[in-house]
Amino acid sequence: MTNELERKATPALPRFRPNTDILEREDGFHIFVDMPGVSKDDLSIDLRENELEIRGKSLSPREENARALHVEFGDGEYVRTFAISDGVDREGIRANLKKGLLELFLPKAARFKPRRIEIQAE
């Protein structure tokens, strides 16, 4: 019951859809997500069946003896969801957060990786 009361008392943060680049390389898919101000502790990445959900919270530092006259870097929550195909090896997904840039690596499943066919000479 306490959590429900806390949720009602806490105002919802503005929600943003972070800018994202997706690259396909021979080894897999590389997803770059712009998440300025998000720390590792305020980031969650969840995989449910064929859906990968990324959530990150950015909270601006507050100064006790300062009054904000103009604010463009406010608190906010980043949310982005991706559909994942069967061509992804779900067990091999990795994530790295560095200086506000989240990089996800989704390796291709072995059966979807390109392979060279050897030509037999007679």
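Q: Why is Asn19 called exposed rather than buried in this predicted model?
A: Asn19 has a relative accessible area of 58%. The term exposed applies over 50%, so Asn19 is exposed.

Q: Where does Asn19 lie, and which residues is Asn19 in contact with beyond its neighbours within four places in sequence?
A: Asn19 lies in the loop between β1 and β2 (20-25). Leaving aside those neighbours, Asn19 is in contact with Phe32, Val33, Asp34 and Arg80. Each of these has heavy atoms within 4.5 Å of Asn19, because that is what contact means.

Q: How far apart are Asn19 and Asp42, in sequence and in space?
A: Asn19 and Asp42 are 23 residues apart in sequence. From C-alpha to C-alpha, the distance is 18 Å.

Q: What makes β1 and β4 the edge strands of the sheet?
A: The open sheet has four strands in the order β1-β6-β5-β4, and its pairing is mixed. β1 (15-16) and β4 (38-48) each pair on one side only, and these two are the edge strands.

Q: How do you know that β1 and β6 pair, and in which sense?
A: Two bridges join β1 to β6 (residues 76-83). Pairing needs at least two bridges, so β1 and β6 count as paired, in the parallel sense. Arg15 has Glu77 in β6 as its bridge partner, and Phe16 stands opposite Tyr78 in β6.

Q: What makes β5 and β6 a pair, and which way do they run?
A: Eight bridges join strand β5 (residues 51-58) to β6, and the two run antiparallel. The requirement is at least two bridges, so β5 and β6 qualify as paired. Among the partners, Glu53 is matched with Thr81 in β6, while Gly56 stands opposite Tyr78 in β6.

Q: How do you know that β4 pairs with β5, and what lies between them?
A: β4 and β5 share seven bridges in the antiparallel sense. As at least two are required, β4 and β5 are therefore paired. One of the matches is Leu43 with Gly56 in β5. The two strands form a hairpin with two residues between them. In the turn, Glu49 has a positive phi of about 50 degrees.

Q: Why is β6 called mostly covered?
A: Six of the eight residues of β6 are buried. Buried means under 20% relative accessible area, so those six residues fall below that cut-off and β6 is described as mostly covered.

Key:
Residues are numbered from 1 along each chain as its sequence is written. This is a predicted model: local features need pLDDT of at least 70, side-chain atom pairs count only at pLDDT 80 or more; totals for chains, interfaces and linings use all residues. Side-chain values use heavy atoms; hydrogens and water are left out. Buried means under 20% relative accessible area, exposed over 50%, partly exposed in between (1.4 Å probe, protein chains only).
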